[in-house]
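User: I have a sequence and a model open here, and I would like to talk through them with you. Can we start with what counts as a touch between residues?

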Amino acid sequence: MTDDPSNTRALEDSIVTDFSRQLNYGEYLALDEILGAQHLRSEPVHHDELLFIIQHQTSELWLKLMLHELGSAREALRADDLGTALKRIARVKHIQVTMTEQWSVLATLTPSEYSEFREFLATSSGFQSYQYRAVEFMLGNKNEKMLDVFDSDPAARALLEKVLVETSLYDEFLRYLQRAGFPVPEAVLDRDVTKAHVFTPELVPVFVDIYRSSKDHWRVYEACEELVDLEDNFQLWRFRHLRTVARTIGIKAGTGGSSGTQFLEKALSLTFFPELFAVRNEIGA
């Protein structure tokens, strides 16, 4: 190996440098729009407001991808393509991990630093994230009353109305199980999909059979555990959000009018796939 005294790397002749007639990296990614979308509102401008904005903008980008993947997973289940559905869910799990880790960056924002620009948020709040609500709806935690929050944003409300009346990922998984020969109750298959899924005791024996005979139902068993991972990751995200808010503003009310940490704590009791956790009580009992 020969040391280069200039400590530089020579460009290879094949590397494209003339983009007068060719697509470049910035154009493909619309970087002018993305990097120009951070509009600080504090006066005078506070250093840490940029962190706050980028944290939430990147979260929205990940939520957009999550919706894309969950929608594809749901379609795959409708087509009895469990392999593709599991592939999509695996990607969603990695997105969830990334989003949860992001809270550690925002957690570097101290209460005194945040208080310098918090008033400039006015009534804006993460509570108003329609993509987050769409993800919850997609996973089965539906709440029609949430639509009213988006009356002033017709496009956001339209998206949520669409997801509200569609089957959730769990609905489609249960329908897949029924088509595969498992005795899923008809009442579950015919339920009102605009309502949140609630614990259904009659479903538990179906999962008990799958878990006790996992070698005979390996792919379905694997899918059950993937869904459990999804819910665990979602709850970890919620908890990390709660703890970040607690260390930054304490127990003060949220900018959007909620009770703050008390409101966030209530979300920890919500569940997407209750029967997949109830089955743990039966195995080995």
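Analyst: Contact here means heavy atoms within 4.5 Å, and please keep in mind that this is a predicted model.

User: Fine, so which residues does Phe-207 touch?

Analyst: Leaving aside residues up to four places away in sequence, Phe-207 touches Tyr-170, Phe-173, Leu-174 and Leu-177, along with Cys-224, Glu-275, Leu-276 and Val-279.

User: And which members of the largest nonpolar core touch the most others?

Analyst: Phe-207 is one of them, together with Phe-173 and Leu-177, in a core of 68 residues. Helix H11 (residues 218-249) supplies the largest share of this core, with 11 residues.

User: Which element has the lowest mean pLDDT?

Analyst: That is helix H12 (residues 261-267), with a mean of 80, whereas helix H8 (residues 169-179) has the highest, at 98. For the protein as a whole the mean pLDDT is 93, and 99% of the residues reach 70 or more.

User: Switching to the surface, which residues form a nonpolar patch there?

Analyst: Leu-23, Tyr-25, Tyr-28 and Leu-29 do, and together they have about 510 Å² of accessible area. Leu-23 lies in the segment before helix H1 (25-29).

User: Why is Leu-23 called exposed?

Analyst: Leu-23 counts as exposed because its relative accessible area is 57%, and the cut-off for that word is over 50%.

User: Last one, is His-68 buried or exposed?

Analyst: His-68, which is found in helix H3 (residues 49-78), is exposed, with a relative accessible area of 54%. Its C-alpha atom is separated by 23 Å from that of Val-220, and these two residues are 152 residues apart along the chain.

Notes
Residues are numbered from 1 along each chain as its sequence is written. This is a predicted model: local features need pLDDT of at least 70, side-chain atom pairs count only at pLDDT 80 or more; totals for chains, interfaces and linings use all residues. Side-chain values use heavy atoms; hydrogens and water are left out. Patches are made of residues with over 30% relative accessible area and no salt bridge: like charges are joined within 9 Å, nonpolar side chains (Val, Leu, Ile, Met, Phe, Trp, Tyr) within 5 Å. Accessible areas come from the Shrake-Rupley method with a 1.4 Å probe; for residues, only the protein chains shown count as cover. A salt bridge is a side-chain nitrogen of Lys or Arg within 4 Å of a carboxyl oxygen of Asp or Glu. Helices (H or I, at least four residues) and strands (E, at least two) are DSSP runs, numbered from the N terminus. Buried means under 20% relative accessible area, exposed over 50%, partly exposed in between (1.4 Å probe, protein chains only). pLDDT is the predictor's confidence in each residue, from 0 to 100. A nonpolar core is a set of buried Ala, Val, Leu, Ile, Met, Phe, Trp, Tyr and Cys residues joined through side-chain atoms within 4.5 Å.
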